[in-house]
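Biologist: Could you take me through one part of this model in close-up? I'd like to hear what surrounds the largest cavity, and what the neighbouring elements are doing.

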Amino acid sequence: MVSILPSEVPTAKLHGYLLGAVGPRPIAFASTMDADGRPNLSPFSFFNVFSANPPIMIFSPARRVRDNTTKHTLENALNTKEVVINVVNYDLVQQASLASTEYREGENEFKKAGLTMLPSDLVRPFRVAESPVQFECKVLKVEALGKQGGAGNLIFSEVLKIHVAPDVLDDLGNIDQHKIDLVARMGGNWYSRANKGMFEVPKPLSTLGIGVDKIPDHIRLSRVLTGNDLGMLGNVETIPSDEQVAEFVASNMGIKAIISADDEEQLHNKAKAYLDQKDIPAAWKILLAGAKQNRKG
């Protein structure tokens, strides 16, 4: 056995051991609102349900290891005492990952991740319309576990109202674990899909991804590309240049043929195939090349 004393390893290394060993961890996709009414949305895997009567969930936004600063979600929970906890299923995972990017204060992660803001009934923060289960909560208390980078802050959240999508219910009105298709975090880039097994989602860029809201409408409104596809496209720092697109097309006769056919659905299906292979640059290039051809036409 390799034996480790927490006090003798850097916090970042210790963080990796803890997250690599303790999992899968459910994800609280937490929606809050700041004092000025601006929405914030971020996922947290230090999360679980701890009581049914009263119904209590706790999640923990930790202080950043690199500079010991606190997260907007924590600040909002302290100020407004309200949160909506949305669960994350497989159809939502890429967009949830994109929302974890540390955008500047006041930036709307709903828009950056291409998600729909759904008004809540009893609290001010919005629900994530795409989430299959949403919990409107009031914050009972916040318990800080330390003052150094990496220290957690337990947000005790009492559930006031639950919203469940009908399509995840079975014939008896219970949540069907196959239909809800939940995902959970593991160590590094790894996730677990409850009804399939492990899969990988690369972390968002250390620099800011452009966000789904910056994807051109002819791509963002595609009838072929899914929310997960858009989440991957939005997690790039810059889109390919005209020169890069031209070089890509020139070196691929099959792509030329698809573009010449002027069939948007076929083009988007080809881009989706690249995304399924995690080749995001190629997907961008074929989508941009098709748009350029349409402008010429």
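**Around the largest cavity**

Modeller: Sure. The lining of the largest cavity is made up of Asp-34, Arg-38, Pro-39, Asn-40, His-72, Asn-76, Glu-105, Gly-106, Glu-107 and Glu-109. Keep in mind that this is a predicted model. By type, that lining splits into 5 charged residues, 4 polar ones and 1 nonpolar. The cavity itself has a volume of about 80 Å³, and the structure holds 2 cavities of 30 Å³ or more. Two elements, strand 3 (39-44) and helix 2 (72-80), each give the lining at least two residues.

Let's stay with helix 2 for a moment. His-72 and Asn-76, both part of the cavity lining, are buried, and so are Thr-73, Leu-74, Ala-77 and Thr-80 in that helix. On spacing, an α-helix has 3.6 residues a turn, so residues three or four places apart point the same way. The cover over the buried residues of helix 2 includes strand 2 (28-33), strand 3, strand 5, strand 6 (82-86), strand 9 (133-144) and strand 10 (153-164). Just past the end of helix 2, Lys-81 has a positive phi of about 65°.

Strand 5, one of those covering elements, is worth following a bit further. Strand 5 (residues 55-59) pairs with strand 4 (residues 47-52) in the antiparallel sense, over 5 bridges. The two make a hairpin, with 2 residues between them. Within that pairing, Met-57 of strand 5 sits opposite Val-49.

Note on methods
Residues numbered from 1 in each chain as written. Predicted model: local features only at pLDDT ≥ 70, side-chain atom pairs only at ≥ 80, totals over all residues. Heavy atoms only, no water. 1 Å grid on protein atoms, 1.4 Å probe; cavity = no way out; pocket = protein on both sides within 12 Å on 5 of 7 lines; lining within 4 Å. Points joined across faces, edges and corners; volume = space filled by probe spheres on them. Helix = DSSP H or I, 4+ residues; strand = E, 2+ residues; numbered from the N terminus. Nonpolar A, V, L, I, M, F, W, Y, C, P; charged D, E, K, R; others polar. Pairing = 2+ DSSP bridges. Buried < 20%, exposed > 50% of the residue type's maximum accessible area, 1.4 Å probe, protein only. Contact = heavy atoms within 4.5 Å.
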